[in-house]
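Colleague: I would like a close look at a single part of this model, the sheet. Please start from one pair of facing residues and work outward from there.

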Amino acid sequence: MTFVDQSIKILKKNKYKITGPRMAVLNVLEEAKIPLSAYDIEEHVPEHIPINVVTIYRVLDVFETLNIIHKVHTKEGYVRCDFELQKGCHSFAICNKCGRADEFLQEKCDLKSTLPKKLAYKSLSHISELSGLCEQCA
Ligand SMILES: [Zn+2]
Ligand SMILES: [Zn+2]
Ligand SMILES: [Zn+2]
């Protein structure tokens, strides 16, 4: 199943409508090799589809909540999740030179369990990012 098909399934399951802007952003992220900002995404959306950066941010918010995509802080961009809804920590190795972000799964991460009890946070999530040089750039 492609990233777009899988995402549509997750959106429907969570009672979100499949709108034009949502489809446009999914299509751009499916093709993206490096993390993209909302502005990058706007540039990649075909011109006949009316969309603006505010709409794109709203779409990205929904996708991030559903774990369809991740925000990569090192690159201030968004990438599709390669491990949809799989348990574990979704982590990234990021190349400082070409900007590619390779997702990998850390199955046993106990960072959450180290949170002090007095910090009573719910629904915690986190992304780990490692940066360096990829095979091609090294
Ligand atoms: Zn992921
Ligand atoms: Zn590289
Ligand atoms: Zn973790």
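Modeller: The starting point is F92, which stands opposite E103 in β4. This is a predicted model, and everything below is computed from it. F92 falls within strand β3, residues 89–95, and E103 within β4, residues 101–106. The two strands run antiparallel to each other and are joined over six bridges. In general, strands of a sheet pair through backbone hydrogen bonds, in either the parallel or the antiparallel sense.

The link between these two strands is a hairpin, with five residues between β3 and β4. In its turn, G99 has a positive phi of about 85°.

Now the sheet as a whole. Three strands make it up, in the order β4-β3-β5, and it is open, with mixed pairing. β4 and β5, the latter spanning 128–132, are the edge strands; each has a single partner, so one side of each is left without a neighbour in the sheet. From one strand to the next, the twist averages 25°. As a general point on such strands, the side chains alternate between the two faces of the sheet when the strand is regular.

To place the sheet in the chain, the domain assignment helps. It gives domain 1 as 3–80 and domain 2 as 89–132. The C-alpha centres of the two domains are 21 Å apart. Nine residues of domain 1 are in contact with nine of domain 2. On the domain 1 side of that contact there are four nonpolar, three polar and two charged residues.

Domain 1 is worth a short look for the helices. Helix α2 (residues 20–31) packs against helix α4 (residues 53–65) at an angle of about 75°, and their axes are 10 Å apart. That angle makes α2 roughly perpendicular to α4. On α2 the contact is made by P21, R22 and V25, and on α4 by T55, I56, V59 and L60. By class, five of these contact residues are nonpolar, one is polar and one is charged.

Finally, the overall layout. The protein has four helices and five strands, and along the sequence they follow the pattern α-α-α-α-β-β-β-β-β. The radius of gyration is 16 Å, close to the 14 Å that the globule rule gives for 138 residues, so the protein is as compact as a globular protein of that length. Along the principal axes, the C-alpha atoms fill a box of roughly 50 × 40 × 30 Å.

Terms used
Residues are numbered from 1 along each chain as its sequence is written. Chains are lettered from A and ligands numbered from 1 in the order in which they are written. This is a predicted model: local features need pLDDT of at least 70, side-chain atom pairs count only at pLDDT 80 or more; totals for chains, interfaces and linings use all residues. Domain bounds come from an automatic or database domain assignment. Two residues are in contact if their C-beta atoms, placed from the backbone, lie within 7 Å. Ala, Val, Leu, Ile, Met, Phe, Trp, Tyr, Cys and Pro count as nonpolar, Asp, Glu, Lys and Arg as charged, and the others, Gly among them, as polar. Two strands pair if DSSP finds at least two bridges between them. Axes are lines fitted to C-alpha atoms, for helices over the stretch in contact, and angles run from 0 to 180 degrees between N-to-C directions. Angles under 35 degrees count as roughly parallel, over 145 as roughly antiparallel, 65 to 115 as roughly perpendicular and the rest as oblique. The radius of gyration is taken over C-alpha atoms; the globule rule is 2.2 Å times the number of residues to the power 0.38.
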